Amino acid sequence: MTTLRAEVGGELREEGVAPALLRVVVYAFTSAVFVFPLTLPFAVFMAMCGGALAAITGRVAAGTRVRTRVWVAASIVTASAATLLSDFVLVESSVGSSLGPQLAIQLSEAVRAFALPLGIGFAVRVMSARMRSLASVESAAVALAFGSLLAAHRNGSIHRPHELADPILARGGDPTWAVLAIGGVAAILVGLLLIVDRSIVRTAFHIVALLALLGLLFVGVDSEVIPPPRHQSQNPLQMQDDSSHGGGRGGAGQGRTGQDRNDDFRDDYPQGDRVPVAVVLLHNDYSPPAGVYYFRQDASSEFNGRRLVSATRPDADRDIAVQFPTSDTVPVVGAPGSGAFRATVDTTVGLLTEHGRPFGLESPFEFAPYRNPNRSRFRRTFDVHSSVLTADQWTLLGTRAFDPSWSPELRAYYTQGPDDPRYRELAEHVVETLLPEYRDDPYARALAITEDLSARGTYSLHSQHAAAADPTAHFLFGDLTGYCVHFAHAAVFLMRSIGLPARVGTGYMVMESSRRGGSAVLITGQNAHAWPEVYLENVGWVVVDVSPENTLDPAPPAADDDLQQLLADLLRDQAPVPPEGRIRADDLRQFWAALRFWLVRAVAFAVLAFVVACYAVKLARRLLPRFVRGRSLPRVQYRASLDLLSEVGEVREEGESHAAFVARLSDRYPSLHTLFVAHEARAFGGPGDRANRDAGPATLRASHAALVRERRGNATWARRARGLINPISWWFTR
Amino acid sequence: MNDSLMSRNSEPLSVEAAHAIALKVQHRLAASIRGRDEVIRLVLTAMLSDGHVLLEDYPGSGKTTLARALGQSIRSGQGAALADFRRIQFTPDLLPSDITGTNVFQPENGRFVFRRGPLFSYVVLADEINRTSPKVQSAMLEAMAEKQVTIDNETHPLDDLFFVIATQNPLDLAGTYPLPTPQLDRFLFKIRMEHIARGAELEVLAAYPTPHLELSRELDTVTRDEVLQVRRTLRERVFIHPAFREALVDLARGLRADPRVAQGASTRSLVLMLPALQAHALLAGRNYVSPHDLRTLAPYVFAHRIECTPGIDDALHVIDEHTRREVEKLEKAALRQTPYA
């Protein structure tokens with residue numbers, strides 16, 4: 001086996017060809033990984049070449065007598081010069097004008113991407129080859145490259161616009177596996193470095209690096225931002241606590257099923273987390289009058305002596321949909337018709353977590369199935385046709401409360417509240433503040449009540465009302481500190497006390513501003529909400545929300561725009577385009593196609609060239625003895641004879657000396673001895689050696705001819721033919 | 001180099017003539033001892049390159065026969081009064097004067113006269129050298145290194161041919177004084193004799209009742225002066241390519257750098273190696289040293305000179321690894337280009 005030798009610190013260290021090649025692979029891949037997020041695909045390829053070249057030249061340079069610091073300085077100069085050159089290509093107008101801007105940018109990127117890994121890799125290679133203590137730099141570089149690639153995807157974040165995840169998402173794949181695969185490749189590369197080195201010290205360094213990498217991987221695949229679909233327990237005993245799991249503040253949390261719910265008042269309400277629960281696509285550009293989207297999932301209208309719960313009357317709250325659309329559209333019978341006050345808005349909802357019933361924008365009148373584009377991501381997807389309120393507050397003034405079709409029982413049902421007279425006193429007191437012409441207007445009265453609560457109330461997730469017999473009264477006539485359920489109940493009870501039909505709507509509330517101009521709305525656990533509603537004739541249930549001016553809790557963090565856009569694109573079954581738009585899926589595909597095209601040809605050409613070159617060498621070695629005269633003849637003739645023997649599989653074994661080899665073959669190939677002795681005497685004999693006289697050109701040729709005859713006798717015709725065809729038979733002549 | 005030899009033979013022999021002389025001895029030895037061709041060649045190589053050998057073997061393996069045959073192959077020539085062969089059985093109570101000789105008082109003229117010990121001969125078999133006390137060992141080793149003995153401050157030179165075959169039993173170590181590595185360094189070769197092959201053993205038995213030693217009586221002998229001439233010839237006429245000197249130094253450096261080796265080979269061993277290589281080449285009838293010589297001799301020269309780190313048993317394997325590499329390098333270079341273009 002050929003070995004590379006290098007004088008290293010006074011001691012000889014040898015490295016086989018295979019380890020050197022492995023190192024070339026490691027360097028090439030590491031360089032590519034380093035520049036991958038930073039530059040163009042072509043430049044990534046150039047970086048690969050630069051890394052490979054660095055591994056080769058660095059090894060050769062380490063074998064010379066030039067000092068390490070000189071090589072390091074040279075590599076720094078090379079890298080700096082290349083950086084300057086790439087800048088120059090960009091800045092110099094003549095280059096840009098002659099090549100065109102695109103080509104100039106590509107050239108600049110390619111030069112930079114080729115030279116930086118070359119310079120850095122060269123320095124690392126020289127240092128690690130010469131100094132054992134610096135060997136860790138090598139594995140640290142590999143670990144750093146892959147770590148930087150994966151760092152952005154820590155905690156399983158797939159939504160950030162990163163080149164790694166986006167092309168995979170664009171094809172509907174799961175980036176987790178890609179991240180794992182990259183980690184695996186990194187582990188293999190470091191493992192290769194481990195195998196390559198025989199030094200214990202280096203091995204220890206590499207193992208540490210490998211462990212660090214594995215740790216990074218462990219952190220990297222711990223998925224949190226978008227949890228995998230989880231199956232909720234259906235145990236009825238846990239149903240009461242269920243809403244606390246999803247963080248549905250108003251009680252619209254995920255996981256609830258059917259009517260069996262009990263979201264009572266609580267003293268400490270958990271802050272909803274940022275786990276996305278759904279994404280909604282708006283097919284019409286709808287801006288709600290109040291600037292807030294309300295997604296109603298449920299309503300509480302039945303007074304149970306303490307608080308409002310879901311209706312048990314069949315004729316109440318008929319606008320609440322109960323079942324998801326599966327194969328057919330599901331109409332909502334009690335939904336308000338689209339009159340002068342309402343317009344139709346179509347939306348598509350993709351549920352990321354399990355929900356007990358569907359929800360839609362404000363007043364859905366029809367749910368229709370929608371093909372799930374990504375079953376691993378979305379639990380349910382459906383279209384919603386909603387009849388949304390378009391009228392502003394002034395238009396709604398003058399409408400009457402109650403629906404004419406309602407029975408007296410239903411009217412009483414929607415105005416039922418606690419017997420506490422303080423509600424009515426407070427409500428009438430509030431209504432007194434209205435201008436006289438609005439005092440009898442139902443909508444104005446409702447607004448006055450919510451405005452009053454907004455002005456006086458304090459929002460807090462932590463309160464002390466749950467233990468009271470009437471928590472709403474304890475809140476309303478107490479410190480007025482509570483969360484949305486308190487405010488909603490207080491408002492509804494106040495409205496009901498003065499004869500307004502009101503109920504508590506639950507679901508999600510999203511600020512219109514969070515759309516950020518897009519057509520998608522991301523709903524997270526934080527958006528869960530409960531709000532008061534009042535019924536107006538010909539309009540239906542109208543949201544009259546309380547927004548307390550004082551709050552004790554910190555403002556929730558802003559919604560994640562990128563995640564919103566990504567999930568929306570997934571729901572639309574479109575390739576998510578990264579906002580930077582550097583690598584689009586098409587670009588990547590074209591790049592691969594081009595790469596494959598050239599790669600196939602390059603490989604074919606390389607193989608062909610290799611075979612031709614091998615035959616050329618084989619022929620040259622065979623014919624050389626005919627043209628050589630004098631001193632080199634014994635050597636060339638002996639080598640030609642060895643080539644002949646190699647063709648039929650007679651090769652010198654590992655560790656066998658030529659003398660032993662010739663002795664081993666002396667039975668079958670006696671002529672080889674003459675040729676060997678002539679060669680050896682020429683090589684190691686003194687200036688006037690005996691073999692010079694004994695073995696003249698004629699003797700050598702005769703011996704060679706004898707060897708050819710001996711070969712004919714010892715090797716079959718087929719074996720000889722096979723040897724003749726083999727282009728690399730001479731490789732085995734050692 | 002001996003003065004008297006120089007004066008008697010101003011011109012070295014030709015390589016062919018020297019080879020013929022060496023072959024005579026080799027034939028005689030081969031006729032006397034069966035199945036020991038390798039050992040015979042090594043012992044001859046050592047004698048011709050003016051070194052000594054240490055045989056590590058079992059009792060009854062033919063070492064005395066070998067030494068005696070070697071002694072009998074050499075005639076004194078010109079009526080010298082030296083014995084051709086002496087055997088010294090080393091025992092714990094041996095004294096230095098027992099081997100070197102001593103001054104004996106002569107009453108008739110009232111003077112001390114030196115009486116030579118067994119060292120004053122051409123071939124000395126030092127049997128079980130590790131059985132005697134260090135005092136005798138060091139006297140023996142001084143004689144081997146200096147080719148002289150000193151008694152009562154008077155130096156007596158030994159013969160130029162003086163050649164020692166020492167033996168030690170590798171198994172029975174109780175009550176022995178093992179030779180330390182620096183003393184082992186005085187021996188050119190340490191040869192571990194394996195049991196001979198089945199066929200050779202049968203031949204030995206077939207010769208009964210006439211020993212082989214008797215059979216070889218008819219073969220030609222050589223004179224002491226001829227042996228010394230051969231020694232001189234090979235030094236001057238057998239060519240050592242410069243690459244071998246580099247290979248030797250690289251080999252020694254490689255061995256010293258090897259983590260498995262605690263103490264590497266000495267520079268002296270490299271110096272001793274050169275004539276050994278020449279002798280080995282001459283025995284093969286070559287007038288140049290070939291990589292094969294290096295490959296063959298390196299284990300015998302280095303095995304007793306290096307000390308391996310604890311846990312490494314096989315010094316031969318380590319040496320062979322390094323030798324193989326150097327030989328491979330030499331042969332590769334030879335196949336790649338012709339020297340002295």
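The side chain of His385(A) makes a polar contact with the side chain of Asp346(A), at 2.6 Å. This pair offers a convenient way into the structure, which is a predicted model. His385(A) lies in strand β10 of chain A, a strand covering residues 380–389. With a relative accessibility of 19%, His385(A) counts as buried, because the cut-off for that class is under 20%. Leaving aside residues up to four places away in sequence, the neighbours touched by His385(A) are Val345(A), Asp346(A), Ser363(A), Pro364(A), Phe365(A), Glu366(A) and Ala368(A).

The strand that carries His385(A) leads on to a sheet. In chain A, 6 strands are arranged in the order β6-β9-β10-β7-β3-β14, forming an open sheet with antiparallel pairing. Its edges are β6 (330–331) and β14 (520–524) of chain A, each of which pairs on one side only. At the β6(A) edge, 2 bridges connect β6(A) with strand β9 of chain A (residues 364–369), and the two run antiparallel. Here Pro331(A) is found opposite Glu366(A) of β9(A); Glu366(A) is also among the residues touched by His385(A). Helix α17 of chain A (residues 561–571) packs on the sheet, where it touches β3 (276–282), β7 (342–351), β10 and β14 of chain A. The direction of α17(A) makes about 65 degrees with that of β3(A).

Elsewhere in chain A, strand β13 (residues 502–511) is mostly covered, with 8 of its 10 residues buried. Strand β13(A) has two antiparallel partners to consider. Strand β4 of chain A (residues 292–303) is joined to β13(A) by 8 bridges, and Phe295(A) has Tyr508(A) of β13(A) as its bridge partner. Strand β15 of chain A (residues 528–536) pairs with β13(A) over 7 bridges, again in the antiparallel sense. In that pairing, Arg503(A) is matched with Glu533(A) of β15(A).

Chain B also has a sheet to explore. Its 5 strands follow the order β3-β6-β9-β1-β10 in an open sheet with parallel pairing. The edge positions belong to β3 (83–89) and β10 (189–192) of chain B, each pairing on one side only. On average, neighbouring strands of this sheet are turned by 15 degrees against each other, direction ignored.

Strand β9(B) deserves a closer look. All of its residues, 6 of the 6, are buried, so β9(B) is largely enclosed by the rest of the structure. In a regular strand, side chains alternate between the two faces of the sheet. In β9(B), Phe163(B), Ile165(B) and Thr167(B) point one way, while Val164(B), Ala166(B) and Gln168(B) point the other way, and all are buried. Strand β6 of chain B (residues 121–127) pairs with β9 (residues 163–168) of chain B in the parallel sense over 4 bridges. Val124(B) is placed opposite Val164(B), and Val123(B) has Phe163(B) as its bridge partner. A parallel pairing over 4 bridges also links β9(B) to strand β1 of chain B (residues 53–56), with Glu56(B) opposite Gln168(B).

Helix packing completes this account of chain B. The axes of helix α2 (residues 15–32) and helix α4 (residues 63–73) of chain B come within 9 Å and cross at roughly 145 degrees. This crossing of α2(B) and α4(B) is right-handed. From α2(B), the contact is made by Val25(B), Arg28(B), Leu29(B) and Ser32(B), and from α4(B) by Thr65(B), Leu66(B), Ala69(B), Leu70(B), Gln72(B) and Ser73(B). By class, the contact of these helices has 5 nonpolar, 4 polar and 1 charged residues.

Key. Residues numbered from 1 in each chain as written. Chains lettered and ligands numbered in written order. Predicted model: local features only at pLDDT ≥ 70, side-chain atom pairs only at ≥ 80, totals over all residues. Heavy atoms only, no water. Axes fitted to C-alpha atoms, helices over the stretch in contact; angles between N-to-C directions. Left-handed = near helix turned anticlockwise from the far one by under 90°. Contact = heavy atoms within 4.5 Å. Nonpolar A, V, L, I, M, F, W, Y, C, P; charged D, E, K, R; others polar. Pairing = 2+ DSSP bridges. Buried < 20%, exposed > 50% of the residue type's maximum accessible area, 1.4 Å probe, protein only. Polar contact = N/O pair within 3.5 Å; in protein donor to acceptor, adjacent residues only side chain to side chain.
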